[in-house]
Amino acid sequence: MEQLNWKCLPFGYIKTDYNVRCRYRDGKWGDLEVSSSEYIDVHIAATGLHYGQEAFEGMKAYMGRDGKVRVFRWDENAKRMILSAGGVKMTPVPEELFREAVFKVINLNKKFVPPYGSGANLYIRPLLFGSGAEVGVKPATEYTFLVFVTPVGPYFREGISPVNMMICRDVDRAAPLGTGIFKVGGNYAASLRALVKAKELGYSSTIFLDAREKKYIDECGPANFFGIKDNTYITPKSESILNSITNKSLIEVAGSLGIRAERRRVPVEELSSFTEAGACGTAAVISPIGKIVDPDKNMIYEYCKDGKPGEVTMKLYNKLVGIQNGDVEDEFGWMTVVE
Ligand code: PLP
Ligand code: COI
């Protein structure tokens, strides 16, 4: 293994030693196989390739000061993958198989878990797709489930320094009754036009609005949005966003810190009343937002003008990341030590 510069890791792919795979055929899941290949043999007519019949997850393992590796709320990811599978009519991965695969692949790649204090973590990517051949539009009868891991730094290179985002009104990521609540590839494909445009204009990400009325905040590219005012954590309720596990955890963390929390529709105009804003997710962790630009309305919303994240954002960040790293007592029972 070449020496990795843990402190400067991008959010990208780095080859590790092993991944695990399992196939669903003839009405049952087969054995979990360990592979050292980065490739899979896929049928040219697989539904995952042609009709986007696929779902994935994103989770992290954290190295503690005590040398123990901990995984954050894996059961929530397992449940969400079952929900996503149902969303595109795939055979779901049973929770126990998901658990076995995730813990096995971490154990096999323990040397790739970034050291405590480096700011990097081991990202875990479970993937499920229709691998059976169909040409008509219908669900496959065969599925492939695999899990790979890769060491990563934070998604937004700025880490805990504020990022700038742009509101996007000319692309919808997901329709109200579409697949936005599922973690399926099609949503990410649909987001690319907006994301590339935002990047070209110098923004870290795009903020999507509700597709029906374009009145309310949906989410921030691959992360949920939150705003803060009057010691209250406010996050959008929407039928077209991913139900972030980080976000729902932050609502509980907020409660434990005496910060109120509200999940409700967030009108775009309300952006002007927030004193802090941020994006949250497994990859994004908590990324404070410095500025939100709404080019179509000629509006700029600014937060943390001194270039530093706000006080409430930092309180939430320190407690959540403290729990994940094993530094703060896990009062919610969220962490599982990898044995
Ligand atoms: N929203 C989208 C579209 C995402 O891809 C993610 C990442 O998984 C999130 C939000 C954050 O969800 P979580 O906190 O469960 O990682
Ligand atoms: C995650 O936060 O885990 C995600 O899956 C985001 C990703 C699409 C980069």
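**Two ligands in one predicted model**

Visitor: How do you know that the shell around ligand 2 divides into seven nonpolar, two polar and two charged residues?

Guide: The shell around ligand 2 holds seven nonpolar, two polar and two charged residues, because Ala, Val, Leu, Ile, Met, Phe, Trp, Tyr, Cys and Pro count as nonpolar, Asp, Glu, Lys and Arg as charged, and the others, Gly among them, as polar. This is a predicted model, in which local features need pLDDT of at least 70 and side-chain atom pairs pLDDT 80 or more, while totals for chains, interfaces and linings use all residues. Residues are numbered from 1 along each chain as its sequence is written, chains are lettered from A and ligands numbered from 1 in the order in which they are written, and side-chain values use heavy atoms, without hydrogens and water.

Visitor: What makes a residue part of the surroundings of ligand 2?

Guide: A residue is near a molecule if one of its heavy atoms lies within 4 Å of it. Those around ligand 2 include Phe11, Tyr123, Arg125, Lys183 and Thr282.

Visitor: Why is the approach of Lys183 to ligand 2 called a polar contact?

Guide: A polar contact is a pair of N or O atoms within 3.5 Å (within protein, one must be able to donate a hydrogen and the other to accept it, and residues adjacent in sequence count only if both atoms are side-chain atoms). An N or O atom in the side chain of Lys183 is 2.7 Å from an oxygen atom of ligand 2, so the pair meets the limit of 3.5 Å. For the side chain of Tyr123 the distance to an oxygen atom of ligand 2 is 2.8 Å.

Visitor: Which side-chain distances are found at ligand 1 for Tyr188, Ser244 and Thr246?

Guide: A polar side-chain atom of Tyr188 lies 2.5 Å from an oxygen atom of ligand 1. The corresponding values are 2.6 Å for Ser244 and 2.5 Å for Thr246. The protein covers 97% of the 380 Å² of accessible area that ligand 1 has on its own, by the Shrake-Rupley method with a 1.4 Å probe (for residues, only the protein chains shown count as cover).

Visitor: What makes Phe11 and Tyr123 an edge-to-face pair?

Guide: Rings of Phe, Tyr and Trp (its six-membered ring) pair if their centres lie within 6.5 Å, and planes under 30 degrees apart count as stacked, over 60 as edge-to-face and the rest as tilted. Phe11 and Tyr123 stand 5.0 Å centre to centre with 70 degrees between the planes, so the pair is edge-to-face.
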